[in-house]
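Work through these exercises with the model open. Try each task before reading its solution.

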Amino acid sequence: MSSFTLVTAAPPTPNGDLHLGHLSGPYSGADIRIRAHRLLGADGLFVTGSDLHQSYVPTKARRDGTDPLEMAEGFADEIARIFDSARFTPDAYVRPWRSELHRDIVAEFFARLHDRGALRVRTEQALFCGDCERYLFEAHLTGKCPHCGSASDGNSCENCALPNRVTDVVAPVCNACGGTPEERPVERLVFPLSEYADRLRAFHAATAMSPQLEALCADMIERGLPDIPVGHPTDWGLPMPVPGFEDHRIYVWAEMMPGYFAELAEGLRASGRDADEWRSVWNDPRTEIVQFFGFDNGYFHALLQPALLMAYDPDFQLPRALVTNEFYQLGSSKFSTSRRHAVWANDLLAAVPADTARFVLSHDRPESERTSFGWERFHELADGELAGRWQSWLTDLFTRIETQAGGAIPAGDPLPSQERFLRLLERLAEDCLNAYSAADFSPRRATRLLRELVSLAQDFAASQSRTRDSGTGSGRAGAALAAEAAAARTLAQLAHPVMPDFASRLWTALGETGEPRWDGVRTPAAGVRVDTAARFFAPLPADLEARVMAS
């Protein structure tokens, strides 16, 4: 295992509140991964930022009649509050308009690309709105994807994740006035992605990624990789530091690559280290770089950004794992901020404990296919599983520790059946820790293993009913009770990445100190006092849906 992990999450765009679809993907995933890494006693950083220069920011501000920077600041504040409520704990949440490091690192990155001859000048056809006198790309126009036929903005399709040339978007419409765009020639800087095809194949072969992302990458390379404009003649974004193109703005998805450098630098500074160490930390062979993003951003993170990094410096380390998620749906269609088809994160987190929301979102995380949120399902997992089975078992265990052992962990020599139970916990723990690893990351599998642990513990408790002594808590009965307490201790350890508050409270109730840490499956020390009055889950309000949806 590497000694340091750098976990990145694709920066959220500050043009709206976050809904559960947002929380179910990169941000919960990145937080779970860094917590799992630290559970093992290892060091690392989780960094993200605010994706200010997406074209969706000024288009949203224009519709609302507000200043785009003021709007972005407000939504960035709101996103930070939601992260805090959800117990997402990035070590850096970078706002580019406040970060001199971000501006300087991005400028140096593109200046170096130009100096190395990695950027080419091309005169190509582009779309303009004659009425608005505006260069159209991304959020400035809407049409049909030329590859799959779904509704699409310019440059890339949210549905199939394939890029487009903008001029090939079917039936494009200017989003500002509704007019039909016209083609005009424009001179701009492009990045010849096709020149990196062989190196990208080698990168993909060595990198952990989902079968869906593998297929997307292989398909795009087979089709022939396009030239990608990395600068646009627009007025929103960082200026291109290349002579003759100072009035162009850096393409935001290309900006994101050095943006991750800046997030690392800010994360190092926040942790008390020198921000200038970012190069050595990124390139340390002991550093494992893991990136989290939605599948719709797959082409950017798996093809464009790695190739830009290869062009910037072929000796720079590439990510070792690319972790994607599909869309989390509300009913039969995806969450949508613009259509107000959403359960808003703020509203839900104000009504339910963060751990409950984290558990449900992890259990039904859209890892390999689209999954759906529903209130019946939410209650099934929150009330039936957590407040039902988990709390019932822990209450029963703590009651028996109180009545049979005076509220302390008893001693005793385990019987073979009790030893077999502990070995079974060890095998389950190994599987669960593997589900938290970068190469096989799956909170869905981890939460199902947590459920299995509780089931095994309940079955074990039932099987030991004839072994129990009456009242003393010593001998064989004491060993059985201690083995069951070991299951509760293991649950606190393994649940910590997904449910940090619950895990910490259970860990403390069992007499442990500090935060949960992985030191193997073990029985708590004999004689340690247990907070047998501790309670962890309560049923949710019956009118929860009405409360949340009325907010």
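Two exercises on strands follow. The model is predicted: local features need pLDDT of at least 70, side-chain atom pairs count only at pLDDT 80 or more, and totals for chains, interfaces and linings use all residues. Residues are numbered from 1 along each chain as its sequence is written, and side-chain values use heavy atoms, leaving out hydrogens and water.

**Exercise 1.** Describe the surroundings of strand β1 (strands are DSSP E runs of at least two residues, helices H or I runs of at least four, numbered from the N terminus).

Step 1: check burial. β1 spans residues 4–9, and six of its six residues are buried (under 20% relative accessible area with a 1.4 Å probe, protein chains only).

Step 2: split the faces. Phe4, Leu6 and Thr8 lie on one side. Thr5, Val7 and Ala9 lie on the other. Both faces are covered.

Step 3: find the partners (pairing takes at least two DSSP bridges). β1 runs parallel to β13 (residues 287–294) over six bridges. It runs parallel to β2 (residues 43–49) over five bridges. Thr5 faces Glu288 in β13 and Gly44 in β2.

Step 4: trace the connection. β1, helix α1 (residues 20–39) and β2 form a right-handed β-α-β unit: with the strands pointing away from the viewer, the path from the first strand over the helix to the second runs clockwise.

**Exercise 2.** Lay out the sheet that contains β6.

Step 1: order the strands. This open sheet of three strands reads β7-β6-β8, with antiparallel pairing.

Step 2: mark the edges. β7 (151–153) and β8 (170–174) each pair on one side only.

Step 3: inspect one pair. Three bridges join β6 (residues 141–144) to β7. Lys144 stands opposite Ala151 in β7.

Notes. Buried < 20%, exposed > 50% of the residue type's maximum accessible area, 1.4 Å probe, protein only.
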